[in-house]
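Student: I should like to take a close look at one part of this structure, namely the place where its two chains meet. Could you please describe that part with care and then connect it to its surroundings?

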Amino acid sequence: MAMAKTQLDNGQAEFTDNGGALRSPWKMAWRKLRRHKLAVMGMWVLILLHIFAIFADFFAPYSEVNTDRRRTYHPPTKIHIFHEGKLVRPFVYGYQRVDTLRNIYEEDTSQMYPIYFFVRGDKYNILGFESDLRLFGVEAPGRIYLFGADRYGRDIFSRLAYGGRRSLFIGVIGLVVSMSIGLIYGGVSGYFGGWVDNIMMRIAEIIISVPSFYLLLALSAVLPPNIPSDKRFMLIVFILAFIGWAGLARVIRGMVLSIRQTEFVAGAEAIGASQPRIIIRHILPNTMSYVIVNATLSIPSFILSESGLSFIGVGIQHPLASWGNMLSEALNLSSLTRYPWLLVPGFFIFVTVLSYSFFGDGLRDALDPRSRTV
Amino acid sequence: MYRYIVRRLIYVIPMLLGISSLSFFIMQLAPGDALTQMALSPDVTEEIMEAMRARFWLDQPPYMQYFRWIVQLLKGDMGHSFLWHAPVAWVIRQRVFNSLLLTVASLIVAWSLAIPIGIHSAVHQYSWSDKLLTFFAFIGVSIPNWFLGLLLLYLNLTRGWGLPIGGMTSIDFAEFTFWEKVVDLARHMVLPVIVLSTGTLASLMRYMRSNLLDVLRQDFVTTARAKGLAERVVIYKHAVRNAINPLITIFGFQLGGILGGASLTEIVMNWPGIGSLMLNAVQGQDYYLVMGNLVIGAVMLIIGNLTADVLLAASDPRIRYE
């Protein structure tokens, strides 16, 4: 019933629009995207994940470096709502380590720690404001580990939130950098053509022809080990961008070559527009729909590269979290079998990549001019 | 066609010069060199260090080192590996076979499953089996190889699959008879091959499905059906052949990544291949080993791309290269 009504609404909108002003292509694309259920789902998952990461300070009960070495590999705490048969506010029990060698914990039902919302926790600094407000938490001697703890007793749930800042945004930032290089490089190369084009494309092909994982390894291994972590993060972003731009530049160049032949470019040249203006104002905007789709579909490869590098220990370094380096503890097979919650960050990477491919798929259908008749 | 191939091959030379110089100078950016670790040892005197540096040209400016490396390479000498205390060519040769074994096996698995599955999905479009397969394909494409490796290792250990974890052979491999060796090797290969073929399989079957769907909509398929040909003949003899064509390009790309593509999986699965070798080499600043790996990887990539172009031209008469 609801479906039929929406379709009716759409039909009416179509009708009035044809009589009045033309709808912009962006609105049409948005409309088509919304019909793509998986794409919309992917979009929402991504939005939620990014909010989770941006406001990590608020969502995470602990700071990412909050360690408790007496709680090595603490299992995920169970959340109870019944205490001695009575329904009470959600709470967790305290845990006792019964085997310090193999880190086996048991619930101690004599200690009860109710979960409170909007509590004061570890201090943080957001946009210059000091705060210690956190979404949830338990009273001090107790600890809540939704997804368990790592070797240093750090909360994996909290580290997921903080790690998301790096793992998710490395994709976005890396993409913006490599897109800008690729667009300008490809634009210039395609516009000028001739020997400029020849030389520029040969250089790009060199980058394309190096096995990218090897190049990544070599580049990240030369980063000095003692540089500050935020600088290291930026350097890794630039390394990823450095490897990613060339493929895009080549495609953009091809598109620019064909757009150059069109009449509106000849027109712009005739009225004396400068070359940078023609490239930036007239030619590159025509490559936009391709670029947007390509961007969405290539963010996962940035995320995967970063997490892969951090996983084998040459990317983001401890104690800072990234989804990749959180998983590196699982490389130790005895930890992997005893503390399977160490694998949780992998599922986050998986869900992120999956959402990007759903979203990118829908976006391609929505923006592809050939599918516009549907 | 031959002129095209020759031109492409000639063109590889400046490209390799570019790639090797790029990687050489990247390695130079790192502080210290391959012998830094050695210099820390109290047993090694200043004179020995000087002699070692001179022997491996490390006392020369970087461009001279690079120049000498190129000259040696032309003579067929890829330099000396500091980590292995052996010639680079020898070290790489030890590992190449292992990597190839893994990647070729997983390519065979992926292709031989993907084509029939893709055909099935296309012929039964939107059936429950097609939907299920699509679902698995999305998962297969999205799961990072190394994470899948970890998951399988975990399941193997906790669910008692009894497969070997990591490595390529058992400790007592040398004492086995031939068939025992084969079985042992195969058992070690199971997990890494599953990991490596999953992603390829998932994307290949999607390609196969959409290609076949495109072909099935074309006029000649309608004509074939109108002639009264059996549906089997229409699909397998007419449609599938045309649908496989575009996949040849993908095969070429995979050929290019046949050496470097398995790196992370090799590291997770502890497989003694080129990928794990490269990681060690990079961490130990073993310049010539890194360079050797990069150059061989790049050559494979270039040859793979060229093969893709040539195969495509050979299979599709509409494509002609000048």
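Tutor: The account below begins at the contact between the chains and then moves to the parts around it. Please keep in mind that this is a predicted model.

The contact draws 39 residues from chain A and 42 residues from chain B. About 3,600 Å² of area is buried between chain B and chain A, and carbon and sulfur atoms supply 86% of that area. On the side of chain B that touches chain A, the elements giving two or more residues are α1 (2-29), α6 (128-142), α7 (145-158), α12 (263-268), α13 (274-283) and α14 (287-315) of chain B. That side of chain B consists of 33 nonpolar residues, 9 polar residues and no charged residues. Between chain B and chain A there are 0 salt bridges. As for polar contacts, 2 residue pairs are found across the interface of chain B and chain A, both at pLDDT 80 or more.

On the side of chain A, one helix deserves particular attention. Helix α7 of chain A covers residues 212-221, and because 8 of its 10 residues are buried, this helix is largely enclosed by the rest of the structure. A residue is called buried here when its relative accessible area is under 20%. The buried residues of α7(A) are A:Phe213, A:Tyr214, A:Leu215, A:Leu216, A:Leu217, A:Ala218, A:Leu219 and A:Ser220. What do the buried residues of α7(A) pack against? Within chain A, they pack against α8 (229-260) and α11 (288-311). From chain B, their partners are α1, α12, α13 and α14. Those four helices of chain B are also among the elements that give two or more residues to the side touching chain A.

Let us follow some of these elements of chain B further. Between α12 and α13 of chain B runs a loop that contains B:Asn270. The phi angle of B:Asn270 is positive, near 60°, although this residue is not glycine. Most residues other than glycine have a negative phi. B:Asn270 has a relative accessible area of 55% and is therefore exposed.

Helix α6 of chain B, another element on the side that touches chain A, holds B:Asp130. B:Asp130 forms a salt bridge with B:Arg209, with 3.0 Å between the closest N and O atoms. This pair links distant parts of the chain, for B:Arg209 belongs to helix α8 (residues 178-216) of chain B and the two residues are 79 residues apart. Are these partners buried or exposed? B:Asp130 is buried, with a relative accessible area of 1%, and B:Arg209 is buried as well, at 10%.

Chain A offers further salt bridges to set beside that pair. A:Arg154 and A:Asp150 form one, their closest N and O atoms lying 2.9 Å apart. A:Arg154 is buried, with a relative accessible area of 4%, and A:Asp150 is buried with a value of 4%. A:Arg102 and A:Asp99 form another, at 3.3 Å from N to O. Here A:Arg102 is partly exposed, because its relative accessibility is 43%, whereas A:Asp99, at 18%, counts as buried. In addition, A:Asp68, A:Arg70 and A:Arg71 are linked in a network of salt bridges. Over all chains, the structure holds 15 salt bridges.

One further residue of chain B completes the picture of its interior. B:Gly252 lies in helix α11 (residues 247-256) of chain B, and B:Gly252 counts as buried because its relative accessibility is 0%. Leaving aside residues up to four places away in sequence, B:Gly252 touches B:Gly304, B:Asn305 and B:Ala308.

Finally, helix α11 of chain A, against which the buried residues of α7(A) pack, leads to a last point about the backbone. The loop between α11 and α12 (323-327) of chain A contains A:Pro319. The peptide bond that joins A:His318 and A:Pro319 is cis, with omega at about 5°. Most peptide bonds are trans.

To return to your request, the contact between the chains has 0 salt bridges, carbon and sulfur atoms give 86% of its buried area, and the buried residues of α7(A) pack against helices of chain B as well as of chain A.

Conventions. Residues numbered from 1 in each chain as written. Chains lettered and ligands numbered in written order. Predicted model: local features only at pLDDT ≥ 70, side-chain atom pairs only at ≥ 80, totals over all residues. Heavy atoms only, no water. Contact = heavy atoms within 4.5 Å. Buried area = accessible area lost by both parts, 1.4 Å probe. Salt bridge = Lys/Arg side-chain N within 4 Å of Asp/Glu carboxyl O. Polar contact = N/O pair within 3.5 Å; in protein donor to acceptor, adjacent residues only side chain to side chain. Nonpolar A, V, L, I, M, F, W, Y, C, P; charged D, E, K, R; others polar. Buried < 20%, exposed > 50% of the residue type's maximum accessible area, 1.4 Å probe, protein only.
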